[in-house]
Amino acid sequence: MPLFDYARASTIDEAIALLNDPRWVSRPLAGGTDLLVQVRHTKPNFQRLVDVSRIPAMRSVAREEGEIRIGAAVTYTELVESPLLCEHAACLVEAARLVGGPAIANTGTLGGNVGNGAACADGVPPLVCLDALAHVANSEGMRAVPVADLLLGPHQTALQPGDLITHFTFPLLPAGTRSVFLKIGRRNAQAIARLNVAVAGRLSADGRIEFVRVVPGSALPRLRRFTEVEDMLLGERPSTALFEAAGAAASRVMVAATGRRWSTDYKAIALQALVSRALRRVFRMQESNGTHAH
Amino acid sequence: MRIEFILNGEAVAVEAPPDITLLDLLRDYLNLTGTKEGCAVGECGACAVIKDGRLVNSCMVLAPQAEGCEIVTIEGVHAADGGPNDLQQHFIEYGAVQCGICIPGMIMAGEALLRQNPHPTRAEIRLALAGNLCRCTGYQQIVDAIEATAKGRRAQP
């Protein structure tokens with residue numbers, strides 16, 4: 001007896017009908033890079049997989065008015081190859097570039113990364129940094145949920161049975177905003193993040209920080225923007241001292257939320273360095289002497 | 001269920017359960033055992049095949065997801081006379097093969113790279129192999145073999 005059955009959906013409506021068929025406990029399958037590992041180790045808690053990886057409406061990246069729309073079944077490789085995202089979502093492209101090796105990047109999808117709900121998901125800090133909405137369909141219709149609100153904790157999401165993330169949208173960042181993504185793993189390639197961070201920022205005409213978002217990943221049980229750190233940066237002029245202080249503040253926010261754990265000695269130092277490095281990159285400060293290069 | 005796809009250039013149709021991986025489909029239902037199972041969780045790349053022109057780990061693809069796709073396995077990589085092709089010949093010449101379990105995946109990763117990028121730098125070759133583990137060679141010879149193949153293919157008219 002097979003452990004589960006398989007059905008392929010060719011449209012979102014068909015996928016929703018299949019996922020909500022009361023005769024089966026169904027779950028969406030996109031790239032399968034997380035799901036097929038899980039079913040190898042644990043008995044599936046579903047009876048049927050509904051393959052959504054070929055639904056055309058879930059596979060494209062497009063600009064619509066002032067926002068970008070990314071289909072949930074777009075793979076990491078397709079994110080990296082999108083000129084639109086390279087221009088408007090550098091942090092997301094950089095994160096996609098650092099996911100797995102080529103075989104995983106060719107298979108895994110952004111929607112799967114969010115839906116799987118791993119605390120270390122590389123796709124999530126950039127989406128939160130871009131203020132992205134996840135668009136979720138079910139038999140009642142569509143709803144839009146901020147990505148940060150979809151993720152309740154490690155492997156816990158606000159998704160209900162029968163729900164399908166169809167796409168993400170985010171407003172274009174203000175003109176001149178730069179964004180970066182940095183990650184620390186146990187090796188350079190094909191590594192699960194120990195810590196990661198997405199940062200976006202822009203300077204005003206007189207050289208002060210007028211826009212900044214700081215979103216560390218794998219740092220808190222529930223991912224969010226570190227507004228405490230953003231507030232201390234807004235209105236200031238970029239400097240090495242400022243960014244080191246911001247890194248230290250990010251570290252304090254993390255430890256205050258998680259308490260001291262076995263990994264804290266490492267993570268506290270690493271997050272401080274990662275956040276200050278990301279800020280230096282966004283505001284184009286040279287690594288060595290801290291001079292401000294335009 | 002019935003799964004139909006193009007395998008190494010030929011149409012195949014196979015009856016298989018819906019809950020197996022493409023790796024199991026290839027090895028157990030199509031008797032193509034060149035594709036290896038290493039870790040079975042996407043870490044090692046021994047099971048890599050080319051699906052619609054892109055490298056994938058066949059242990060992470062559900063067999064029914066191959067429907068209608070073009071799959072190339074290590075059995076589909078060879079010279080016109082059935083012997084080793086230039087990439088495989090370079091693996092032999094450069095001493096890139098020791099125990100051999102990673103080699104089908106390494107060859108597929110090398111082929112996938114060279115089909116997309118005929119001018120890879122050494123850094124790009126290393127990135128292309130990021131998902132393929134070899135515990136014998138230390139990778140240098142594998143990178144050398146792919147680099148030599150790229151050079152040889154560029155020199156061809």
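1. In this predicted model, the C-alpha centres of domain 1 and domain 3 of chain A are separated by 36 Å. The domain assignment places domain 1 of chain A at residues 5–51, domain 2 at 61–171 and domain 3 at 178–282.

2. Two strands of chain A merit attention: E12(A), residues 193–203, and E13(A), residues 209–217. They pair in the antiparallel sense, with eight bridges between them. Within this pairing, A:Ala198 is found opposite A:Val215 of E13(A).

3. E12(A) and E13(A) form a hairpin with five residues between the strands. In this hairpin, A:Gly207 adopts a positive phi near 80 degrees.

4. As to solvent exposure, E13(A) is mostly covered, with eight of its nine residues buried. In a regular strand, side chains alternate between the two faces of the sheet.

5. In chain B, the note concerns helix H3(B), residues 103–116, and helix H5(B), residues 140–155. Their axes come within 11 Å and cross at roughly 35 degrees. The crossing of H3(B) past H5(B) is right-handed.

6. Which residues of H3(B) and H5(B) meet? On the H3(B) side they are B:Met106, B:Gly110, B:Glu111, B:Leu113 and B:Leu114; on the H5(B) side they are B:Ile142, B:Ile146, B:Thr149, B:Ala150 and B:Arg153. By class, the residues of this contact comprise six nonpolar, two polar and two charged.

How values were computed:
Residues numbered from 1 in each chain as written. Chains lettered and ligands numbered in written order. Predicted model: local features only at pLDDT ≥ 70, side-chain atom pairs only at ≥ 80, totals over all residues. Heavy atoms only, no water. Axes fitted to C-alpha atoms, helices over the stretch in contact; angles between N-to-C directions. Helix = DSSP H or I, 4+ residues; strand = E, 2+ residues; numbered from the N terminus. Left-handed = near helix turned anticlockwise from the far one by under 90°. Contact = heavy atoms within 4.5 Å. Nonpolar A, V, L, I, M, F, W, Y, C, P; charged D, E, K, R; others polar. Domains from an automatic or database assignment. Buried < 20%, exposed > 50% of the residue type's maximum accessible area, 1.4 Å probe, protein only. Pairing = 2+ DSSP bridges.
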